[in-house]
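Got a fold to pick apart? Here's a quick back-and-forth that goes from the whole chain down to single side chains.

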Amino acid sequence: MNLRILWLLLVITLSFNWTHAQDKVTISGIVSDNNSNETLIAVNILFPELTTGATTNEYGFYSITLPKGTYNIVISYIGYKEISETLDLYENITKNFSLEESIESLNEVVIKENAEKLNIRKPQMSINSLTANTIKQIPVVFGEADVIRAITLLPGVTNAGESASGFNVRGGAADQNLILLDEATIYNSSHLFGLFSVFNPDAIKDLKLYKGGIPARYGGRVSSVLDIYQKEGNSNKFHMNGGIGLISSRILVEGPINKGKGSFLLGGRTTYAHLFLPLFDIENKAYFYDLNTKISYKLNQNNNIYLSGYFGRDVFSVNDSFKNTYGNTVLNFRWNHLFSNKLFSNLSIIYSDYYYGLNLDFIGFNWDSGIRNFNLKYDIKHYVSKNIKLQYGLNSIYHKFNPGEIKPSGENSGINADKLIDKSAFENAVYLDVEHKITKKLMASYGLRYSSFLRLGQDELNVYENDLAVVYNQELQVYEKGDPIGTETYNRSDILKSFGYLEPRLALAYELNYNTSIKASYNRLNQYLHLLSNTSSPTPLDIWTPSGKYIRPQILDQIALGYFKNFKGNVYSLEVETFYKKIENRIDYIDGADLIANDAIEQVILNGEARAYGLEVLFRKNEGRFKGWIAYTLSKSEQRTPGRTSEEPGINNGEWYITAYDKTHDLSFTGSYNLNKKWRINANFIFQTGQPATYPNAQYEYNGITIPNYGQRNEFRLPSYNRLDVSAIYVPKPEKNKGWQREWVFGIYNVYNRRNAASIFFKENRDTGTNEAVKLSIFGIAPSISYNFKF
């Protein structure tokens, strides 16, 4: 019924606009960089007399329909010189713009007033954007610019600490984040167990993090969407840039295939600290390498094609007897087609793969596991009028899961080959997004997504009495694995279990005055894939598993309210948001759950619920010699798994307990100061509440063995985390804009050498015979130096 009403409203609105179309004209085109011909995302196209405008999409295209007349048009984009000219609009026209990058002086205003005005009015909220330039200025360990470290400085975003992979958004788990690189899913976002991210900052064109108010075109995860687009490459001339650091280096090459029409991009990174370990008689190795590629070609005015890819691998070995290899592989072919000046389409064919391998020569076997998917997407953007923009489309994903396979590594290993049962599924969706200017002060973004999940048949599936894969032992008062009473066999084409849900989305913005607005949003999302992990942050060994007969999809409902204001001619900006979200069917594990190489994972899983709520504040200084922001989050993240019957206590006695990624207080400061044309000083400070932990609260002896007794889950915390980082960027010849250009980056990570606790474990003191707590720290103070160049 709701779907019918939505379509009826759209038909009425479209009919009304069609009757007035004869008095209006459409201007559309592409906005690009005049140097590289790279298309630019989210450029503001403004018509001041009409107090209206548009922004370019992910491929630099814009379209807006206006009454006939003569108007001033202003093209504004951060870091580029503004274009302003007068246009006679009495017929439909195509108008492309090339923007010139601004050479920023100390007092130059880079963020323009009109650009901020448009953002204040837009209904989108809970969205953060970072440019590659901003990411490169943030001090990090070893001096390597890091995307994931950068977004953890934003409100509502944390991680599990130093050397922790993944990130957490608004109290959600790391597997609840949808991470996209050129629309392809990235399953593991970290190198070297969290020391580096998989994203090469030199190859990044645009980055957006959606924490709430997520548009209907996204789905499949319940916490956030990190949407990253790679550069297309310079189609005008050959260009190279890179950097050399203490333990890692990177290089990126781009240039024309057919000048002005086609381009290529090739980027690579690697670490090499392991090459020096033999000098110290250390046979262990730990390194990574990755490769970014992209080819772009303009067939004609209405058609463009893109082929992009990423390949990354991490290698960790111990004495050549143990070797761990893991990484992502993605490939994406896209075709842009312009049907008319109001209708833009994109077809994507995407392949994603995550591989995890172990070579255990000292035992005599190899272990392989992973997940891969094939994704077909078709999206259309319809610029109906200056007040209504539609986006609709569909996508279908085929998932294939390899939980694990054991292969003997030698003829005399004594290990038999074995394979856990493969799983597969289809995930499908159709969606409609509407951006609607209702009045001069009220704008709305609303949409609907229908997602379905078909769990396909597998070779063998356990059957349990009353479908209870986990049983409660009344005598011992513990949950135990259920004993199968039989098995069922399916063909691969059979549908083992199906799910289907409607996912409404709504966001509103009301302009109080020229510089102030209030916003509200609601969204529902479903997640059909689950990462099996009982650690505070993901590890490469964690396995993805699909929803099915015994594992239900996670269902999120989230609401958010926000207040947004610009001060003093947009020199300062303030964003305040509060949110509440609840999640049904959040996976929880029984005590002593064995997740590794478990072919009946349903025997250690119970479905529970989760909730999170909090307040986020982001205060920015956008202009002048000093720029930066202060971010603060006050939040709580909890989950519970009550008993399925009155006789069962549930997990943690069925009571709410804080999750492993709960951070009550999260404060960060990020700043950049232009000392002069040659020197720029950067700093960031972080304070966070300590990570939740479960410690033994007592012990007892049984047959001479000391056994610890644990209390409630996550009732303790690690000590609070805080750290100060600084860096200085030196440009020897800042006036040089051609030829070989270089800069030096000097950094100090953890300036005051704070030994933050990564974990606390307990052991017996051999001198006193008593148990004692021991703190494990990853990093103290860490200086770095790197040399960056381009030509």
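Helices and strands here are DSSP runs, at least four residues for a helix and at least two for a strand, numbered from the N terminus. Keep in mind that this is a predicted model.

Q: How many helices and strands does the protein have?
A: Counting those runs, strands come to 53. The helices of the protein number four.

Q: Why can we call the protein as compact as a globular protein of its length?
A: For 791 residues the globule rule gives 28 Å. The C-alpha trace spans about 90 × 65 × 50 Å along its principal axes. The radius of gyration is close to the rule's value, so the protein is as compact as a globular protein of that length, at 27 Å.

Q: What percentage of the contacts between residues at least 6 apart in sequence join residues at least 24 apart?
A: A contact here is a pair with heavy atoms within 4.5 Å. Take those in the protein between residues at least 6 apart in sequence, and the share that joins residues at least 24 apart is 66%.

Q: What share of the exposed area do carbon and sulfur atoms supply?
A: Buried residues make up 55% of the 791 residues. The protein still exposes about 34,400 Å². Of that area, carbon and sulfur atoms supply 56%.

Q: Which element gives the most residues to the largest nonpolar core?
A: This core has 41 residues, and Ile151, Phe167, Phe199 and Leu226 touch the most other members. Elements giving two or more residues include strand E16 (204–210), strand E17 (224–230) and helix H4 (147–151). With four residues, the top contributor is H4.

Q: Which residues does Ile151 touch, leaving out those up to four places away in sequence?
A: Ile151 is one of the four residues that touch the most other members of the largest core. Leave out residues up to four places away in sequence, and its contacts are Leu130, Val157, Phe167, Leu207 and Leu226.

Q: Is Ile186 buried or exposed?
A: Ile186 is found in the loop between strand E13 (184–185) and strand E14 (190–191). It touches Ile179, Leu181, Val198, Phe199, Asn328 and Val330, not counting residues up to four places away in sequence. The cut-off for buried is under 20% relative accessible area. Ile186 has a value of 3%, so it is buried.

Q: How far apart in space are Ile186 and Gly79, C-alpha to C-alpha?
A: In sequence, Ile186 and Gly79 are 107 residues apart. In space, their C-alpha to C-alpha separation is 29 Å.

Q: Which are the edge strands of the open sheet E3-E2-E5-E6?
A: This open sheet has four strands in that order, with antiparallel pairing. An edge strand pairs on one side only, and that picks out strand E3 (52–55) and strand E6 (83–89).

Q: Which residue in E6 stands opposite Thr70?
A: Strand E5 (residues 69–76) pairs with E6 in the antiparallel sense over seven bridges. Across that pairing, Thr70 faces Asp88.

Q: Why is strand E49 largely enclosed by the rest of the structure?
A: Strand E44 (residues 679–688) runs antiparallel to E49, joined by ten bridges. Five bridges join E49 to strand E50 (residues 741–749), also antiparallel. E49 (residues 721–730) is largely enclosed because, of its ten residues, the number buried is seven.

Q: Which residue in E50 does Val726 stand opposite?
A: E49 and E50 are joined by five bridges. In E50, the residue opposite Val726 is Ile748.

Technical notes:
Residues are numbered from 1 along each chain as its sequence is written. This is a predicted model: local features need pLDDT of at least 70, side-chain atom pairs count only at pLDDT 80 or more; totals for chains, interfaces and linings use all residues. Side-chain values use heavy atoms; hydrogens and water are left out. Buried means under 20% relative accessible area, exposed over 50%, partly exposed in between (1.4 Å probe, protein chains only). Two strands pair if DSSP finds at least two bridges between them. A nonpolar core is a set of buried Ala, Val, Leu, Ile, Met, Phe, Trp, Tyr and Cys residues joined through side-chain atoms within 4.5 Å. The radius of gyration is taken over C-alpha atoms; the globule rule is 2.2 Å times the number of residues to the power 0.38. Accessible areas come from the Shrake-Rupley method with a 1.4 Å probe; for residues, only the protein chains shown count as cover.
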